[in-house]
Amino acid sequence: MKTVKRLLSVVIALAGIACVEPASAQGFRIPVGTDILTTRGDVNGDGFVDVSDIASIIDIMSGKSIFSGTLSETGDTATFNIIGIPLTMIRVKAGSFTMGSTEQDNEKWPRKVTITKDYFIAETEVMQRLWTSLMGEAHTPTNTGNTRWITTFGIGDDYPAYFLSWDLCQEFISVLNSLTHREFRMPTEAEWEYAARGGHKSQGYRYAGSNDCGEVAWYDLNDAMLGLGDKDYGVHPVKTKQPNELGLYDMSGNLKEWCSDFYEKSFTTAARVDPQGPETGSGHVLKGGSWGSNDSFCRPAAREVSAPNKQLQGNGLRLVLTPLDSE
């Protein structure tokens, strides 16, 4: 609602200008960042909010042009357009898999988990372009207060948004849903792991798409351990490693990805259906490992935990969307 209110301010401010003489209206330009206007109002991205933005802003307010695309019950891919920014999502068909492993104590024990409904999961982590367009900030090194990271992390449209806390991700999702009138969300831990393992197309790889971590992941050996001055040090643009069986990129390495679940410390071998995690807890689950993780943490079963307000350089977000009954 915060974004909608701000956009409403833009509409009110500009709608009056649109009614004046064409010559003066055409020349009306307000730099972004003033009291009532933010980058959210700069639809055409020229650094100003002007009359040319009015139609697009009104469409955004009405939910018309903010979100378009195709989504069907039978298609394996859904492609959306969010304020001119493409978002590709891959269908994960319902099914059962063995979740967890015996490798780390917090993964034990392997257990049968059944996912009863199809869902769509984003092909990549949320990229900076989409985050910035909706939130007004990329959460890149430039706004962490630590200038050391400016030269060591990637900044650009094709880089994933990082330094993301669980709480900030929820705010982003709320803004996205208010504009699209859909229910994007974080994946549950079970949904994330099932997708990382390849879903119904799984070949049983150790990592998300390969038994060779370097083929699918940016991780410590080909990234962090190279040192600060190396060209491959730090977070990388998405889709620079090969995808897994479903066509999902960076499920191993690059950034850890938040899940909706509160962290559960231990498990039994009892089978579960659509698990959601504990009802309460002090931290949430992170999956997949980051560019600084060793290969063990890049396995689909590997799991970590962090407080919801922590902004750490290796944490990002991947979206999930449940198909509508009518689609």
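How many of the eight residues of α6 are buried? Eight of eight, so this helix is mostly covered, with buried meaning under 20% relative accessible area. The legends below start with an overview of this predicted model and then move in on the details, α6 included.

**Figure 1. The whole chain: seven helices and 15 strands.** The protein has 327 residues, and buried ones make up 50% of them. Take the contacts with a sequence separation of 6 or more: 68% of these link residues 24 or more positions apart. Several of the close-ups that follow show such pairings across the sequence.

**Figure 2. Helix α6, residues 189-196, and what comes after it.** The helix is mostly covered. Its buried residues are E189, A190, E191, W192, E193, Y194, A195 and A196. Four glutamates and aromatics worth picking out by name are E189, W192, E193 and Y194, which are among the buried ones. After the helix comes G198, which has a positive phi near 105 degrees. E189, W192 and E193 turn up again in Figure 4, as contacts of K287.

**Figure 3. A four-stranded open sheet with the order β13-β12-β10-β14.** The pairing in this sheet is mixed. At the edges sit β13 (303-306) and β14 (315-316), each pairing on one side only. Inside the sheet, β10 (residues 256-262) and β12 (residues 284-287) run antiparallel and are joined by three bridges. For E257, the bridge partner in β12 is K287.

**Figure 4. K287, a buried lysine in strand β12.** The relative accessibility of K287 is 1%, so this lysine counts as buried. Where does its side chain find polar partners? One is the backbone oxygen of P300, reached at 2.9 Å. Another is the backbone oxygen of A301, which lies 3.4 Å from a polar atom of the K287 side chain. Leaving out neighbours within four places in sequence, the contacts of K287 are E189, W192, E193, L255, K256, E257, C259, P300, A301, A302 and R303. That list includes E257, the bridge partner of K287. The C-alpha atoms of K287 and A196 are 9.5 Å apart, while the two residues are 91 apart in sequence.

**Figure 5. The largest cavity, at about 90 Å³.** The search gives one cavity of 30 Å³ or more. Its lining is made up of M99, R111, E189, A190, D261, F262, E264, F267, R272, P275, G277 and P278. Two elements, α6 and β10, each give two or more residues to that lining. E189 and A190, which are buried residues of α6, are in the lining.

**Figure 6. Two cysteines, C213 and C298, with sulfurs 4.2 Å apart.** Why is this pair not a disulfide? The cut-off is 2.5 Å between the sulfurs, and the sulfur of C298, the nearest to that of C213, is 4.2 Å away. The view from the other side reads alike: C298 is in no disulfide, and its nearest cysteine sulfur is that of C213. Across the whole structure, the search finds zero disulfides. Both partners are out of the way of solvent by the burial count: C213 is buried with a relative accessible area of 4%, and C298 is buried at 0%.

**Figure 7. R91, a buried arginine in strand β5.** R91 belongs to β5, which covers residues 85-92. Its relative accessibility is 2%, so R91 counts as buried. What does the side chain of R91 pair with? It makes a polar contact with the side chain of D118, at 2.7 Å.

**Figure 8. V126, in the loop between β8 and α4.** The loop follows β8 (119-122) and leads to α4 (128-135). Loop residue or not, V126 counts as buried, at 5% relative accessibility. Setting aside residues up to four places away in sequence, V126 touches W131, P160, A161, F172, L317 and L319. V126 and L87 are 39 residues apart in sequence, and their C-alpha atoms are 8.8 Å apart in space.

Key: Residues are numbered from 1 along each chain as its sequence is written. This is a predicted model: local features need pLDDT of at least 70, side-chain atom pairs count only at pLDDT 80 or more; totals for chains, interfaces and linings use all residues. Side-chain values use heavy atoms; hydrogens and water are left out. Buried means under 20% relative accessible area, exposed over 50%, partly exposed in between (1.4 Å probe, protein chains only). A polar contact is a pair of N or O atoms within 3.5 Å; within protein, one must be able to donate a hydrogen and the other to accept it, and residues adjacent in sequence count only if both atoms are side-chain atoms. Two strands pair if DSSP finds at least two bridges between them. Contact means heavy atoms within 4.5 Å. On a 1 Å grid over the protein atoms alone, a cavity is a set of points where a 1.4 Å probe fits but cannot get out, and a pocket is an open set with protein on both sides within 12 Å along at least five of seven lines; lining residues have an atom within 4 Å of a point. Grid points are joined across faces, edges and corners, and a volume is the space filled by probe spheres set on the points.
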